[in-house]
Each structure stands twice: as C-alpha cells, then as structure tokens.
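Grab a coffee and open the viewer. Here are some short exercises, each with a worked solution to check against your own.

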Amino acid sequence: MRKFNYDFVKFVEEGVRPESTGRFFYDIVPELKSLKVGSYELYSHQLRAYEFLERGCNVILVSGTGSGKTEAWALYALRNHVRVLAVYPTLALTSDQILRLEKYYDAIGLGHKVLKVNSREASILKSVYGGDVYRVIGDALLVITNPAFLMSDLKRTTHYSSKSYLGDFLEKVDLIVVDELDCYRSRGATLLVTMLEIISKFIARKPPQICVLTATLGNPETLKELLEKITGRKTYIVRGKPFKVKNITYLILGKSLEKFWKQLLDNIDRIEETAPEVIPLIRNFDDFKTHYPDIVAILRDKGFKIPEIFAKASEIIKEYASSDEDGVTIVFTRSIRSAEKLAKEVRSQLPETFRDRVYAHHHLISKDKRREIEEKARKGEVKVIISPRTLVQGIDIGTVVRIVHYGLPQTVREFRQREGRKGRREEIPFTESIIIPIYSWDRKLLEAGVDKLKKWTELPLENVFINPDNKYPKLFRALYKVRKGIELSQDEMKLLLDMKLIEKARGLSSIAFFLTNLGKRVWRYFNFYEFGPAYGVKRVLEKEEGMEVLEEVSRRDFIEKLQVGCFDPSSDAIVTEITEGRNIIEKPILKAISESHELASAHERYMLTKYIWGEYANLLSDYARGKLFSRVRIFITIPLNGFGRLFEHPEAVEWIIESSKPRVIKYGRECRVLHRMETIELDVDTCGVYEDFTYGYRYELDPEEDTDLIKAALALLKVILRLSSLRISPEEIEYDVVKGTNFRFFILWEPEASGILEKMDWKLVRSIVREYKPDRMTEFLLWAVDEEAMLYILEKNISLDSLKEVVERVIDYIEGIELIEVVKLGKVRVPKPRKELNLVAIDLLTFNLKDEEKLHIISLYNGEKSWNITLGKQIEPGDILGIFNEAIGKDTVILHYSTISKLVHLLSEYPLIESMLTVKESKGQIVNVYKFAKETLCLNIAPLVEVAYKLGIKGLKISHLNLNSMLIGYRNGRISFDKLIEYAKETGIRNAKAIYQIYLVSEAVRKRLY
C-alpha cells in the first residue's frame, strides 16, 4: 500500500482456536491414519458432540466457521457404520465438505456407499441403474441431499403413481444431519424441522437421531424441546469456538490524502468563497478522509483542478498477481461486468508471462473452464480470481490467503461468506482482508466513521428462530397427513378448513376429508424455497453473436426484480420481453435501449435529469457505480390479522437515479452529505403474480397522523430489532404505510411466514426501544432498511432520539392501546339514523388512477337516503347542485371527518354550494365528527375505520382493503373502470354511514356526561 502512497486504516484480529482434547481422529476411526486429517486433535466441542451421539442422543452443535462441525458427526457415523441422511442448503454450496466426507468413507473402504441425491444427481442415477435406483439409494450408508429435493421427495411418498427416491433409505435411516441451519431464514429452518418430524413419525421404522449444525440460533432451547418431542431422544446443546487464523484488514481510503488535505487548507479562503458548504467537512483530517469523494465532486463542479487521489484497485491487485507468495487472492465484486472489467485491467498491467495468473470466475463462464481455473489455483498457477458471487458458494480452493472486497456487499452475512473463503488450513499463518470502497453504499458506511465500519463487519449474524406454532409448516404437515390418510389434529383440521383447503366427506361410519381444488393446487405448489412450481423461470440473453441461456431465477425474483425494463445485475443486461410461456428475454443494456421505444424514452428522461442536475450523463458508468438501478413497485395484499394468503402484484417498473454531485446539509449540530434522487417510471407492462401464505397485520392510524413520520419510525424499529439482543433480521419483517383522504393505516407482514410477528413480545420491544441509544451505526442501517425514510429524517432534521418516541406510538397502535375509553358509562341509548334528525354525513374519497389522474368520490347520507358525486377527467359531473339541494336543507347539520376544507376546495367551481357551506359554517351547522368524537369519547387518536369497528360498525376494513386491491387491478388492466367506480361509490357510502353513526354515539355520550 505504501508503495503507491495509499492512506489506509489497519485492523488486526487475533486468531481463535477451539480448545483441544489430546485425542486424535485416528483414536476413534483408526482407518483415518492414512489421511492427514487422522492426526488432527479433536476440539472439545467435537468430542462432546461425538460422545452424546454415541449415547444415542440428539445434538445441536452451535459453533462458528472452520470449527470442524462436520467431523463431529462424521466420526460417529464412520465408526458405527450408521445410515446417515445429510441435508445441506445446496450441494454446490458445500462441495468442499462433501469431498472431505467422500475421502473419509474411501478410507474405511465404503466410498461406494456415499451418494449425492438432488434433482440432477437423481436423474443421472436413474439413467445408470434404471428401476434398480431405489434399491441402490436404499442400500447407501451416507445420502447427501438438500431441503428442496427432500421436500419434493416427501411429497412423492404420498403419490401412488410415483416412487420416492429416498423412501426406502428413510425407512432405515439412523441419523439425520442438518448442516448450516443458519443459512435458512426462520421459516425455512422451522419447515426443515417439520420435515424431520414427518420422517420420524410417519416414514422411519424408528425415530432417528438428529444432529443440527449451526453458527447461530435465536432459541436453541425451543429446538431442543422440539427434537425431544419428535424423536423421544434426549437432546444436548453443544457450543464451540470457531477456528480462525490471525487476520489483518486494510481499509483503503485514497492516495496521498493528507497532502491533498493540506493543499485545501492552503486555499481555504477561495474554497469558502466558492464552495462554503464543504468547509465543515475539511476542518479536521478525520472528517476529510471519510468525505473526500464528495468534497472532490463539489470542488470539481466549482472549477477546481483536483489531482487523482482515488484508489485504483487494478494496481493493488496487480501486485498480488505478480508476487511469488504461496496463496491465492480472491477479489469479490458486485457484478459480472465489474469482475470482467477489473480482470482485463489487471491483466493489461502485467507482463505477458504473468497474465494467466488472473481470471474472472462467474456462472457465465463454462463449468469446465471454472473447474480448470479452480484446479490451477490449487496448484499455485493462478494467483488472483475475480468473482461476483460464484466463489461465495462454497468452492474450496484451500490456499486462499487474501480477500479483496471491491465494494462491500449489502449484508453482514454475505461479507462473512466472502471472508469464510480464506484461512481454511491450519498451516496458513495469517490472512488479509482488503476493503476498497467503490459504491455509494461503501461511502455511507465510511461516513458513519471507520470505527462503525469495523463494528458493522463484526456484527453478530441475525438469529434464526424455530417457531413450532408457525402455521406455515403446520400447513405442510397437515396437507401431508391428508394425502397419506393420517388422522388430523383439531388444530390442523381447523387450519385447513379456515384456509378452504379441505372439505368434509361423510362416509358410512366416519367423516373423511379430501382436498378442495385450492387444496390440491396449494399442495402442488408447496416447495421449500418458495410457493410455486418446482422449476424456476427461464432466462435468455440475446447478444449479437447469438442466444445465451442463463441460469433460471425464482418466480419471486421474476415478480419483484425482473419485469420488463429492469436491469439484471447478474448478466448486466435489461429485461426486454416476458414471453407467453413466462420466459425472460434480456439484451445488453445499450442494445436494449436502442431497440425499445419505451426504454429509449426512459433513457431520454435519464439524460434530461442529468442535464438539469448539471452532470455528465453516462448511463453505463452510473449503472456500474450503483448510481442507476431499477425497482419494481409491488402492490401487496396480505392477511388482515394473522395467517392467510399473500399476493404480490407488480404495479410498475422504475429507474432510480442518484446524482453524482452531493449536497451538504445540517443535521443537528453535524453535517451530512446527501445526493439527489430521481425516479423514472417506465411505460411498460408488468405481468404475473406471486402468491404464498404468511402472517400479516393492519393497524389503523389517526387521520391526522404524519404517515412519512410513521414510515421513518417503522424503519427505525427494524434497525433496533436487528441491533438488539433479539437480532431479528430486517428481511423477516416488512411494512408499508397507506394514506387515503380520511383513512390512514400501516401494515406489517412477513415476506416468509416465520410467525415472529405473532410471537413478538411488544412489551419487551418497548423496553428495548426505550433503552436503545441511536448512533451513526443506526443511521447507516437506516439507509439499508429504507433510503426514502432516511432522506426524510435528514431533510426534516428529525433526531433519532425524538423518533424513538414515534416508535413507541407505533407500538401503541400494534398493541391496540385502547382507542375508545368511555369511562364506565355502560350502555348508551343512541337514536337510529333517520331523515328527521336533519343530519347529513359527507365523505370524500380521493385516489390516483393512471398517469397522475385523480378520481374524487363525494358521498352523502341523511339517515335514509344516500347519494354519490363522482369527479374526474373521464366522468361527467352530473347534477351536483341538485344533489346538494336535495340532501341539505336550511336546518340540516353537515357531518364530516376532517375533510370539509378539501371538499370546499374541490367544489370551488360551484359558487352556490360554496356559499351554502359558508353560511352553514357561520351558523355552527358543520360538525367535524373526528374532533367531536376524540373529545367526547376521550380518544388520543381516532381513525375512522378503527373507531367504527370498535363501535360495532362492521365492514369498513374489508371495504378499504378491497378498494385498494381493485385500484391496483384497474391499473394493471384486470379490473374495468366501471367496476372500480361502482365499488368506490359503495365504499364512500359506507364511510358516510359510519361518520353518521359515530356522531350519534358521540352525541349520546356527551348528553350522558353533561
């Protein structure tokens, strides 16, 4: 680093080694003497796990990377020749562990009894053995599979027409090993445990032992109790330390920064005159080091000539490629394009004889070529491999001594996965990590402070929670039992009936159940990683030289990330077409733009935005730097209050542009650097729907609540949950805030049903929030959770301490802190609605149609009759004056819910109505029922829908949710305009009737009190 005058920060992490026992592997399995591993000492956690397994117990082994968790159960299996089912997240992810296991079994002469069985391997086995394949698998000693195949095969055991590949083996299995449980989110982990229960109770001749291996687990005691209940075996939790060699991390800041900083100080007067906003950022060197890219951008815009001070990754990596050190350097990038580009830059700077020491490695390179690169790296012929993600997937090169992060990943988990590729051999004395900040994400973390970057890299991983009450895995187990003809429990029966998945069929002597059409479809679509067909969505990249078949993607990724117009970072292309058969067609970015009118139009708007900002426009450069990306706006339909159906409809595709030029704002007593953002909505059609089951909840907000503030509070709540002792991943919970004319609400749901929301102890969460002390790490994670919310916080200068109070208010809504508290009044006599009361309730619904066109529905109700007035570009206004004259007489009192000012503004073109309302106002004949109800019923907040519900006025919640669903259906062309209008009118009338009744109750209470 010093050779190129780089400024850097150095962190040293000392090595960690688990406690040894003095016993060797060959003491337990003598045949292992022929392997190097045979002379390894057992760690204490390995020996304890082995001893518990020998006693016939279950084991939950919680230990970090490199601690030999695999060997803990393998020694027991090898010594006793027990039949083992080993379940790994993917076979590719753990190929190095599988290779080790195959060597161990070869050493005891039983290598032929080890089989890998997933979809691809099962097809190969069947082509070799034909119908005998089931016997071959059944006779194996070790079968290695993944949870997706295991679930598919368990489903096959319920089909009389198809044979299960694993069925015979599972009948005789002695031990089931679940490796890397922490790789799954909470739903997946619980679903996997449910599959263990099905095997133990309904397939295996006797309940097998179970060994669960994981680096982190939120509630191991719950899993312990569950495994004991499933198998009837005593279960022990064993904890161990990870194995790590000493590691040195270098954070590259820039080149000759102190020299440049001093030059700025020498020109401080000129800078203050021309760019005063940067002065707070250059007063001390520490601030300057973290903000210098923004300072450079501002000063260059003002005409200053700036020397080249940014880090050049290629010249750093070139040194590793040309060195004679023993070991491999892996460089991780964000995309294939950046990996290829960096590899070319490095090779171009090397002598020709050294250029074969550097290769890019990704899925677009053939498997044979990738294997060749890996083998050359093991032999020391390749020194540098540059990869976006493929080498995170567990390929064991063994001699990796250095990881270079060319831009940081966006999750700690991926950072750890990258880091886990190095130092995997005891003979390696130390390793290095090089962090080169490239993207906006990296800069935000640096701005939080170097100490916070270090803290981020050291954050404990998010917890995985096993929830035995989670209805999602219960659903799978119950459907399995129906298919197998096994008697359902009362809970299972109720769940399936509630979800309309089964129907009763009365027989001669008993009641049986069979699957409805929906039940059959749900069973067919039940798969481990997502709900849908067992195959992915095909992708094809159309290049000048021909068509290239890409890896399939999940249906959820197709809906959420790969609609027409979306950038695909895995191929550095744009989606240009979704075929009728749901295949994704992609083209290179510039080719796609040149051949599509819609994309060309979006590109023009991008160019215009950059022009307005006064910035140089280079779409490929902005895309590569993360300054331009796509987003699919999704309309979510969730369950209202608990477990039910989830639907995701893609509503629109957007390009998000971030400015290169920063701006400096004051935040509290400090400065923050922001970049402008612009959203371009593409004129393209979206398609498809993703469906699943999940937990969802809807909470009404007070009509005067600031929805942006609530959204910011929900973002902060997610960050606090992540950083607290609960360590709940932000990916486990999502939120949205909806603002209507006279209704506001927020929703919480789980993208994958974990049951965390159902089990959440909100009193505990409230105490955690109160004790939490926000810092710059909080700010950084807020950027990751919700960039829009963080911008709102900074621009409104909202302190995070004050935002904590709003978080508590959110918890009030969630806990259902009494909205209506009529103190010991008992039953109150309320008159029935009727015309003679001389009351008219008015409601106003306003929402956006397509292209920012607004639709307004005015609804009136006088206790007997109701009217609708519809205003919009596509609507004839009708006899508005006539309706008002009919509904409102001289002595009529008008009731509204904080909407009268909006109503007056909307009807400003009708002076007679405006005059009528003015007169009513002067006579006190207009009542704001919202304020009246709050005061009379002693409410802190009074959302219309929630108050109506508490008073027994049913149907508004459903009506409002259905209206939102129909609106998105209209935007997507699935609902006609007439049908939308009809339902909006019905909802408006319901609102007006609710306002009328709330007033009657409030007035009755007022009379009782006074």
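**Exercise 1.** Where does Glu750 lie? Work out its surroundings too.

*Solution.* Keep in mind that this is a predicted model. Start with the chain trace: strand E29 (744-749) comes before Glu750 and helix H28 (756-759) comes after, with Glu750 in the loop between them. Next, look for a charged partner. Glu750 is buried yet has no salt bridge. The nearest side chain of opposite charge is Arg187, at 8.6 Å, and a salt bridge has to be within 4 Å. Then check polar atoms: one on the Glu750 side chain sits 2.7 Å from the backbone nitrogen of Ser754. Finally, leaving out residues up to four places away in sequence, list what Glu750 touches; Thr694, Tyr695, Glu732 and Ile756 are among them.

**Exercise 2.** Find the order of the seven strands in the open sheet with parallel pairing, then see what packs on it.

*Solution.* Reading across, the order is E6-E7-E5-E8-E9-E4-E10. The edges belong to strand E6 (114-116) and strand E10 (235-240); each has a single partner strand, so one side of each is left without a neighbour in the sheet. From one strand to the next, the twist averages 15°. Now zoom in on one pair: E4 (residues 58-63) and E9 (residues 209-214) run parallel over four bridges, and Val62 has Thr214 in E9 as its bridge partner. Helix H9 (residues 186-203) packs on this sheet, touching E5, E8 and E9. The direction of H9 makes about 175° with that of E8.

**Exercise 3.** Which parts of the chain does the salt bridge between Glu788 and Lys711 link?

*Solution.* First, the distance: the two side chains meet at 3.1 Å, N to O. Then place the partners: Glu788 is in helix H31 (residues 787-795) and Lys711 in helix H27 (residues 707-723), 77 residues apart. Both are partly exposed, Glu788 at 44% relative accessibility and Lys711 at 22%.

**Exercise 4.** Lys718 and Glu734 also meet in a salt bridge. Is Lys718 buried or exposed?

*Solution.* The N to O distance is 3.7 Å. Lys718 lies in H27 and Glu734 in strand E28 (residues 734-739), so the pair ties together parts 16 residues apart in sequence. Lys718 has 8% relative accessibility, so it counts as buried, while Glu734 is partly exposed at 29%. To finish, follow shared partners: salt bridges join Arg631, Arg633, Glu651, Glu654, Glu681, Lys711, Asp786 and Glu788 into one network.

Technical notes:
Residues are numbered from 1 along each chain as its sequence is written. This is a predicted model: local features need pLDDT of at least 70, side-chain atom pairs count only at pLDDT 80 or more; totals for chains, interfaces and linings use all residues. Side-chain values use heavy atoms; hydrogens and water are left out. Helices (H or I, at least four residues) and strands (E, at least two) are DSSP runs, numbered from the N terminus. Buried means under 20% relative accessible area, exposed over 50%, partly exposed in between (1.4 Å probe, protein chains only). Lys and Arg count as positive and Asp and Glu as negative; His and the chain ends are not counted. A polar contact is a pair of N or O atoms within 3.5 Å; within protein, one must be able to donate a hydrogen and the other to accept it, and residues adjacent in sequence count only if both atoms are side-chain atoms. Contact means heavy atoms within 4.5 Å. Two strands pair if DSSP finds at least two bridges between them. Axes are lines fitted to C-alpha atoms, for helices over the stretch in contact, and angles run from 0 to 180 degrees between N-to-C directions.
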